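Welcome! Please take a moment to look over the sequence and the 3D view, and then let us walk through them together.

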Amino acid sequence: MTTPEAEQGDDGTGAEGAAPRPEERLEQAVRAAEQALIEYEIALETFRVEVENFSRLHEQRLGPVYARLEELEAQLLEARAARTGEAEDRRRADEARAALTPIPGVEELLHGWMDGDGLFPEATAMLTDQPVRPPQRVRPSEEARKLYRELARKAHPDLAQEEAERVRREEFITRVNAAYARGDAEELRELAEEWAAGPVPERRPSRGEELYARLEWLDRRKEMLTLLAKELEESAIGAMLRLAPDDPDRLLEEIAEQLATQVREREAELAAMRGQD
């Protein structure tokens, strides 16, 4: 016979009406967040493709017209400079022409001289007539050489039998090589102690910790996607696409008509200016 106490949970609530455990609520929250993120990514990818396609059409249909307008603007400035002879007019004309003239072989010219952070120190020295400083030579002490040889023998990646262990050894040997290259015996001693102590055992997170970590990752992912969506919406093409999301082809036709009008106006202005010479 089942007693009333047996029918109740530990907290006194009925078995059928027992509140879900905290981990169950976390799992539900994670599943809901995952589904919401998937839907958001689908919407964002759809919009990205639309922006990309519209950008391609925009370039194909209107690129030549924009190029023609820029050429006419340069010719107008050149004609004005030729007429006035003013230095400022000549400067503006030269800048407009230079903006239209590609610089051949830029990548080849800069290869080996600069990267994303700017000019290499050697390039800066040469361009400013400063002596190029040769690489500093380091002569490791006997102690450093001994420590290095011992660590290389003990921690060599080829001694690993598992992939994870091989990766750990490669990362460690990279640090050993860097310390040896600097001749830093103190750091080599510390690395020797670290290797002797062995890898730090990893503590397996609890289910609750895993779920919290997953929620945090989903939140960071959503923030990153939100920034991407904002960049797309605020881009020139994205802003244009939002003006006519249902009929972008018609929007391109309207822009093309406006540009064609501007081209005719510039051509007439240039013809009139040349006719006065």
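Two residues count as being in contact when heavy atoms of theirs lie within 4.5 Å. With that meaning, Leu232, Glu233 and Glu234 in helix α9 meet Ala236, Gly238, Ala239 and Arg242 in helix α10. Keep in mind that this is a predicted model.

**The whole protein**
- The secondary structure adds up to 11 helices and two strands.
- If you read along the sequence, the pattern is α-α-α-α-β-β-α-α-α-α-α-α-α.
- The protein has 277 residues, and buried ones make up 22% of them.
- Consider the contacts between residues at least 6 apart in sequence: 62% of these join residues at least 24 apart.

**Helix α7 and its two faces**
- Helix α7 runs over residues 163-182, which gives it 20 residues.
- From its first C-alpha to its last, α7 reaches 29 Å, close to the 28 Å expected at 1.5 Å a residue.
- Which residues of α7 are buried? They are Arg169, Phe172, Ile173, Val176 and Ala179.
- These buried residues cover an arc of only 120° around the axis, so they sit on the same side of α7.
- The face of α7 turned away from that buried side carries the exposed residues Glu163, Ala164, Glu171, Thr174 and Ala181.
- The cover over the buried residues of α7 includes α6 (142-155) and α8 (185-197).
- Just after α7 comes Gly183, which takes a positive phi of about 70°.

**How α7 meets α8**
- To describe two packed helices, we use the angle between their axes and the distance between the axes.
- For α7 and α8, the axes come within 9 Å and cross at roughly 160°.
- An angle over 145 degrees counts as roughly antiparallel, and α7 and α8 are therefore roughly antiparallel to each other.
- The crossing in which α7 passes α8 is left-handed.
- On the α7 side, the residues that meet α8 are Glu165, Arg168, Arg169, Phe172, Arg175, Val176, Ala179, Tyr180 and Arg182.
- Their partners in α8 are Glu187, Leu188, Leu191, Glu194 and Trp195.

**A closer look at Arg189**
- Arg189 lies in helix α8.
- Is Arg189 buried, exposed or partly exposed? Its relative accessibility is 30%, so Arg189 counts as partly exposed.
- Leaving aside neighbours within four places in sequence, Arg189 is in contact with Glu143 and Leu147.
- Arg189 and Glu143 are 46 residues apart along the chain, and their C-alpha atoms are separated by 9.3 Å.

**How α9 meets α10**
- Helix α9 covers residues 207-234 and helix α10 covers residues 236-243.
- These two helices pack at an angle of about 75°, with their axes 4 Å apart.
- That angle makes α9 roughly perpendicular to α10.

**A closer look at Gln75**
- Gln75 lies in helix α2, which spans residues 22-84.
- Because buried means under 20% relative accessible area, Gln75 is buried at 16%.
- What does Gln75 touch, not counting residues up to four places away in sequence? Its contacts are Arg68, Arg97, Leu270 and Arg274.

Key: Residues numbered from 1 in each chain as written. Predicted model: local features only at pLDDT ≥ 70, side-chain atom pairs only at ≥ 80, totals over all residues. Heavy atoms only, no water. Expected span 1.5 Å × (residues − 1). Buried < 20%, exposed > 50% of the residue type's maximum accessible area, 1.4 Å probe, protein only. Arc of directions from axis to C-beta. Axes fitted to C-alpha atoms, helices over the stretch in contact; angles between N-to-C directions. Parallel < 35°, antiparallel > 145°, perpendicular 65-115°, else oblique. Left-handed = near helix turned anticlockwise from the far one by under 90°.
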